[in-house]
Amino acid sequence: MDEVILRFLWIYTWFVLIATIGLGLYGIAVKPNMLKKIISLTILGDTANVFMIYVGYRAVYPIKPPVLWTMNPSKEVLENFASQITDPVPPALVITAIVINMAITILITFLAIQAYRLYGTLDSRKISKLRG
Amino acid sequence: MIPILHLSLISIVLTLGMVFAYLAISERDLLKAIVYSAGQAAMYVIAFYLLMAPDIVLAYAAVGVGVYSAVMIIAVKKTERYEKP
Amino acid sequence: MSKKNLVITSITLTSIVLGLIISLGVLGPIPLTSIRPLGLFYALFMANRNITIEVFPLIVNPGNFWAASTEAITAILWDYRGLDTLFETSVFFFAIIGSIALFRFTEKEEHEIRKKTHENHASEGKYLGLSLITKTITKIILFTIIVVSAAIALHGQLTPGGGFQGGSAFAVAPLLAIAALSRFYLDDIGFKKNTMLLLRTMGLLIIALLAIIPVVAGIGSWQAYIMQNQPKEWAIIQLFPPKGLGVLLGSLVYYNIAELLAVGAGFTIIFILLSIPEEFYKKIIEKEGVEHG
């Protein structure tokens, strides 16, 4: 019974995450306002990050972050440690992804502000019709 | 039993995050949309904590809730508040 | 509106197909109970100098993979994939260079806008920023934020935290200062745009130098490697002491400090640029338009 509930929750969470990614894609593709597109982009990027962390999660108890509690570990400590931790590789990839995502988001926000200064609008349909 | 509790908490938090994301994308007032987006970021911070990634919590709490919202609010102030249909 | 419906339908279909594929078990058994071998490798060898583990029978000398860190994520970031992180930091660097290029102004123009703002406020009988109580409390909080971010960065190799996390926490400080104390306060305490540019260039340069120093020191002996962070067992040149002040040091702590400088100063520049009023930029654009026809 426990196995079935765990499996259901696991698959349900996958569907929720993928639906959020779909929402982000919808916002980027359909909404005309530039700032709305940027908000959708941040939602898409953050959900992709949660997705990656979720791949490294383990359904065991006790579960701990991959931080060792001693500087000179013995063999028993290491075996105990290996049985309790989450995967350290996805967080290491995500931590840079967050900072780079934010740098890129800030750059496009600046570009949107500059576009508003020059053209007086944030509507991507109007900007795409401008010539010269 | 405890992994089930843990996973159900994670699924609840991520579902709330999805609801906030829907509200943020469907809202026409950009300031409200930014607030909903910050709510979604707060939900994801809790999700990262439950998924045992304390490093991500430290970075994302400041970035997702603070910096994103601040930059977008200043951008809205410099441009226009309402999204035209 | 058929185009919009097409987009919605395709996104929905893709989501359902992706969800079904993942729930069938493409990303491993569901739900995952064992840890992946790569993650296990990093977690077991980052602080382990002398214990051989049966799970990895091919590794007879674990000291070769030692990273002088008790935290796996910082160890992976700055040791196992250090060059990757160096280049990611440079992406951050160039994104902010792009922002500065868009919002450009000279020091003379900045001085003018400062004088004008002060005159406007004086003529209306107003003060810059919020009330005195708020200002004093904000100054205390600013100090606390800076201390906390430095602590997060300096403890990066021992507890959760590191350069990126410390820098992100630091980013709240200039934001708070601009909101409560006006943006001239940042100028007055020395957080000028050019100083911050210098600081973050320095951060990136320190990271690059720390990566190259072992190679330079090892010319002739051929026993050093680029970004050879920790004093590995087989290396003759061992530059960074593994222990000091009673804790593990290695080279991770220097990388974290440099990263804190780069990220924190980069954010400060962004908020300084964003806090300048819009009329000022409009004037500059008009002037440039006249000059270039």
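1. Start of H2(B). A side-chain oxygen of Asp29(B) comes to within 3.2 Å of the backbone nitrogen of Leu31(B), right at the start of H2(B). Bear in mind while reading on that this is a predicted model.

2. Length and end of H2(B). The helix covers residues 30–50 of chain B, 21 residues in total. At 1.5 Å a residue it should span 30 Å, and its end C-alpha atoms are indeed 30 Å apart, so the two figures agree. Just after H2(B) comes Met52(B), with a positive phi of about 65°.

3. A buried glutamate. Over in chain C, have a look at Glu259(C), which sits in helix H11 (residues 252–274). Its relative accessibility is 0%, so Glu259(C) counts as buried, the cut-off being under 20%. Once neighbours within four places in sequence are set aside, Glu259(C) is in contact with Trp78(C), Thr89(C), Gly163(C), Phe164(C) and Ile207(C). Gly162(C) is 97 residues from Glu259(C) in sequence, yet the two C-alpha atoms are 8.3 Å apart in space.

4. A nonpolar patch on chain C. Leu83(C), Phe87(C), Ile212(C), Val215(C), Val216(C), Ile219(C) and Ile226(C) make up a nonpolar surface patch of about 640 Å². Helices H4 (82–102) and H10 (193–217) of chain C supply at least two residues each, and H10(C) gives the most, with 3.

5. One patch member up close. Is Val215(C), a residue of helix H10 of chain C, buried, partly exposed or exposed? Partly exposed: its relative accessibility is 34%, and that class lies between the 20% and 50% cut-offs.

Terms used
Residues numbered from 1 in each chain as written. Chains lettered and ligands numbered in written order. Predicted model: local features only at pLDDT ≥ 70, side-chain atom pairs only at ≥ 80, totals over all residues. Heavy atoms only, no water. Patch = residues over 30% accessible without salt bridge, like charges linked within 9 Å, V, L, I, M, F, W, Y side chains within 5 Å. Areas by Shrake-Rupley, 256 points an atom, 1.4 Å probe, with all protein chains shown as cover. Salt bridge = Lys/Arg side-chain N within 4 Å of Asp/Glu carboxyl O. Helix = DSSP H or I, 4+ residues; strand = E, 2+ residues; numbered from the N terminus. Buried < 20%, exposed > 50% of the residue type's maximum accessible area, 1.4 Å probe, protein only. Expected span 1.5 Å × (residues − 1). Polar contact = N/O pair within 3.5 Å; in protein donor to acceptor, adjacent residues only side chain to side chain. Contact = heavy atoms within 4.5 Å.
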